[in-house]
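User: I've got a model open and would like to talk through where the ligand goes. Can you take a look?

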Amino acid sequence: MTFDGTWKIERNDNYDKFMEKMGVNMVKRKLAAHDNLKIFIQQTGDKFHVKESSNFRNLEIDFTLGVTFDYSLADGTEVSGSWTMEGDTLKGTFLRKDNGNQLTTTRIIQGDELIQSYSYEGVDAKRIFKKA
Ligand SMILES: CCCCCCCCCCCCCC(=O)O
């Protein structure tokens, strides 16, 4: 389906400021800016299988649209939330387990790019991927 395939990080927009707002320290932010993130996405109906690989870790996760699941960010921050599909946009709403703050994220396809947007406490960022 639309999001299916392997997506390799191409560039970031305001990601450092976003991570800073998330409380990620400078050393980790510098490493995360060049994490070589690759995301493999396979959608079957309302179910998604996602494989994530980066300089930090490799993991696989399954989720169903509208169903809450737990997820650990690469810096160890634990969140809980779900993805929904609105039109052609995947919308994620997650709550941090440590402070209850909300992190929202979207995925859209624009041309040959997958654009993942993030928003946390008023700071927005984007990570832009191209097909690997
Ligand atoms: C400090 C780093 C912030 C990165 C924010 C990532 C937000 C991801 C939200 C949940 C992703 C669930 C799994 C997935 O679909 O890939």
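Analyst: What follows covers the pocket and the ligand in turn, and please keep in mind that this is a predicted model.

User: Okay, what volume does the largest pocket have?
Analyst: The largest pocket has a volume of about 670 Å³, and of the 31 residues that line it, Tyr15, Arg57, Tyr71, Leu73 and Ala74 are the closest to its centre.

User: And which elements build that lining?
Analyst: The elements that each give two or more residues to the lining include helix 2 (26-32), strand 3 (47-53), strand 4 (58-64) and strand 9 (113-120). The largest share, 4 residues, comes from helix 1, which spans 15-22.

User: What's the chemical make-up of the lining?
Analyst: The lining of the largest pocket divides into 21 nonpolar, 3 polar and 7 charged residues.

User: Switching to the ligand, which space does it take?
Analyst: The ligand takes the space of the largest pocket.

User: Who's around it, then?
Analyst: The ligand is surrounded by 13 residues, and the closest of these are Phe63, Trp83, Phe94, Arg107 and Tyr118. Among the elements, helix 1, strand 5 and strand 8 each supply at least two residues of this shell.

User: How does the shell divide into nonpolar, polar and charged?
Analyst: The shell around the ligand has 12 nonpolar residues, no polar ones and 1 charged residue.

User: Which side chains put an N or O atom by a ligand oxygen?
Analyst: For arginine 107, a side-chain N or O atom is 2.8 Å from an oxygen atom of the ligand, while for tryptophan 83 the distance from a side-chain N or O atom to a ligand oxygen atom is 3.1 Å.

User: Last one: how much of the ligand's area gets covered?
Analyst: On its own the ligand has 480 Å² of accessible area, and the protein covers 93% of that.

Notes: Residues are numbered from 1 along each chain as its sequence is written. This is a predicted model: local features need pLDDT of at least 70, side-chain atom pairs count only at pLDDT 80 or more; totals for chains, interfaces and linings use all residues. Side-chain values use heavy atoms; hydrogens and water are left out. On a 1 Å grid over the protein atoms alone, a cavity is a set of points where a 1.4 Å probe fits but cannot get out, and a pocket is an open set with protein on both sides within 12 Å along at least five of seven lines; lining residues have an atom within 4 Å of a point. Grid points are joined across faces, edges and corners, and a volume is the space filled by probe spheres set on the points. Ala, Val, Leu, Ile, Met, Phe, Trp, Tyr, Cys and Pro count as nonpolar, Asp, Glu, Lys and Arg as charged, and the others, Gly among them, as polar. A residue is near a molecule or strand if one of its heavy atoms lies within 4 Å of it. A polar contact is a pair of N or O atoms within 3.5 Å; within protein, one must be able to donate a hydrogen and the other to accept it, and residues adjacent in sequence count only if both atoms are side-chain atoms. Accessible areas come from the Shrake-Rupley method with a 1.4 Å probe; for residues, only the protein chains shown count as cover. A molecule sits in a cavity or pocket if more than half of its atoms lie within 2 Å of its grid points.
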